[in-house]
Amino acid sequence: MKRIIILSGVILLILLINFYQYTSKNIREEILMIDNVTSSNTTITIVYDNYEYDKRLSIGFGFSCLVKIEDKNILFDTGGDSPILLNNLEKSGVDLKEIDIIVLSHIHGDHTGGLTGVLEVNPDVTVYIPKSFPNNFKEEIKSYGASSVDVSNSIKIWDGVYSTGELGTWIREQSLIIKTDKGLVVITGCAHPGVVNIVKKAKEITKDDVYLVTGGFHLGEASDSEINSIIESFRNLGVKKTAPCHCTGDRAIRVFEEEYKENFIKAGVGRVIKI
Ligand SMILES: [Zn+2]
Ligand SMILES: [Zn+2]
């Protein structure tokens with residue numbers, strides 16, 4: 001009898017500890033404070049893409065864009081290799097030393113390939129990477145003298161700039177959210193977790209309207225009905241403008257252009273989008 005009482009006590013204690021851990025984790029996830037800062041001066045320059053826009057720049061398979069907010073420079077993804085990235089940054093008039101923050105969406109080489117080339121010139125940056133990145137990747141960043149931040153849940157990166165946090169199951173990916181006075185700008189790398197899920201998450205975190213979604217939407221293999229249902233979801237979510245590129249796929253880009261008309265922004269390497 002005594003044993004049963006002790007055993008029940010132990011089981012109860014374990015249940016209580018689990019419950020406490022569960023609730024405290026949920027509370028921690030909800031702590032992200034969205035401040036009222038909105039940028040009235042944001043410029044996005046696509047510096048690596050497999051679609052051409054400005055002929056002076058080189059195309060390459062991958063994606064990278066430079067987000068300039070006031071005097072802060074955030075490099076989102078780094079394309080597939082350093083020579084093309086560095087050359088395109090130079091032609092876009094970007095001084096590597098002026099990059100403050102690098103955000104990597106996911107582990108694939110067409111988004112991380114140019115990182116070391118930037119770190120060699122400017123190690124004075126903070127690199128935001130999904131927590132699921134392998135340790136040797138994190139060690140390599142540190143070996144250049146740069147600091148890295150593991151992103152798990154959605155977090156604030158800079159005033160008015162947030163990460164969705166790691167989304168998806170197999171390929172974990174984060175996307176960038178910028179609060180502007182026109183609404184949210186959402187930038188995706190490859191959108192492996194699903195571009196609609198990413199936009200939903202951005203809205204859920206910030207409780208704001210979506211002005212623009214740009215980057216790779218990962219619809220190269222998508223059927224017409226899948227593409228149409230994504231556009232319908234974008235409409236329902238109130239996405240005002242779209243600028244798909246990278247892994248969106250030719251067919252999907254054409255449908256976005258037809259559907260979004262004057263609110264479709266042709267993207268590609270060298271495109272400068274002023275918000
Ligand atoms: Zn990609
Ligand atoms: Zn990918």
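Visitor: How are α6 and α7 oriented to each other, roughly parallel or roughly antiparallel?

Guide: Two packed helices are described by the angle between their axes and the distance between the axes. In this structure, which is a predicted model, the axes of α6 and helix α7 (residues 224–237) come within 10 Å and cross at roughly 10 degrees. Angles under 35 degrees count as roughly parallel, and α6 and α7 are therefore roughly parallel to each other.

Visitor: Which residues of α6 meet α7?

Guide: From α6 the contact takes V195, V196, V199, K200 and K203, which meet I230, S233 and L237 of α7. By character, the residues of this contact divide into five nonpolar, one polar and two charged.

Visitor: Which residues touch the most other members of the largest nonpolar core?

Guide: That core has 69 residues, and I102, V186 and V199 are the ones that touch the most other members. Helix α6 (residues 195–206) supplies the largest share of the core, namely six residues. For V199, leaving aside residues up to four places away in sequence, the partners are V186, V210, V213, L237 and V239, and L237 also belongs to the contact of α6 with α7.

Visitor: In what order do the seven strands of the open sheet stand?

Guide: A sheet is read strand by strand, from one edge to the other. Here the order is β6-β5-β4-β3-β2-β1-β13, with mixed pairing. Because β6 (147–151) and β13 (272–274) stand at the edges with a single partner strand each, one side of each is left without a neighbour in the sheet. On average, and ignoring direction, neighbouring strands of this sheet are turned by 20 degrees against each other.

Visitor: How many bridges join β1 to β2, and how many join β2 to β3?

Guide: Six bridges join β1 to β2, and these strands run antiparallel; five join β2 to strand β3 (residues 72–76), again with the strands running antiparallel. Single pairs can be picked out in both cases: T43 stands opposite K68 in β2, while L66 has L75 in β3 as its bridge partner. The hairpin of β2 and β3 has two residues between the strands, and in this hairpin E70 takes a positive phi near 55 degrees.

Visitor: Why is β2 described as largely enclosed by the rest of the structure?

Guide: In a regular strand the side chains alternate between the two faces of the sheet. For β2, five of the six residues are buried, so this strand is largely enclosed by the rest of the structure.

Visitor: Where does α2 pack on the sheet?

Guide: Helix α2 touches β1 and β2, and its direction makes about 140 degrees with that of β1. The buried residues of α2 (residues 82–91) are I84, L85, L86, N88 and L89, and they pack against β1, β2 and α4 (115–121). After α2 comes G93, whose phi is positive, near 75 degrees.

Visitor: Where is Y53 placed, and what does Y53 touch?

Guide: Y53 lies in the loop between β1 (42–48) and β2 (64–69). Because Y53 has 16 C-beta neighbours inside 10 Å, this residue counts as partly exposed. Not counting residues up to four places away in sequence, Y53 touches I46, K266, A267, G268, V269, G270 and R271. The C-alpha atoms of Y53 and V272 are separated by 9.5 Å, although these residues are 219 residues apart along the chain.

Visitor: What share of the contacts in the protein chain joins residues 24 or more positions apart?

Guide: Among contacts with a separation of 6 or more, residues 24 or more positions apart account for 65%.

Technical notes
Residues are numbered from 1 along each chain as its sequence is written. Chains are lettered from A and ligands numbered from 1 in the order in which they are written. This is a predicted model: local features need pLDDT of at least 70, side-chain atom pairs count only at pLDDT 80 or more; totals for chains, interfaces and linings use all residues. A nonpolar core is a set of buried Ala, Val, Leu, Ile, Met, Phe, Trp, Tyr and Cys residues joined through C-beta atoms within 7 Å. A residue is buried if 20 or more other C-beta atoms lie within 10 Å of its own, exposed if 12 or fewer, and partly exposed in between; C-beta atoms are placed from the backbone. Helices (H or I, at least four residues) and strands (E, at least two) are DSSP runs, numbered from the N terminus. Two residues are in contact if their C-beta atoms, placed from the backbone, lie within 7 Å. Two strands pair if DSSP finds at least two bridges between them. Axes are lines fitted to C-alpha atoms, for helices over the stretch in contact, and angles run from 0 to 180 degrees between N-to-C directions. Angles under 35 degrees count as roughly parallel, over 145 as roughly antiparallel, 65 to 115 as roughly perpendicular and the rest as oblique. Ala, Val, Leu, Ile, Met, Phe, Trp, Tyr, Cys and Pro count as nonpolar, Asp, Glu, Lys and Arg as charged, and the others, Gly among them, as polar.
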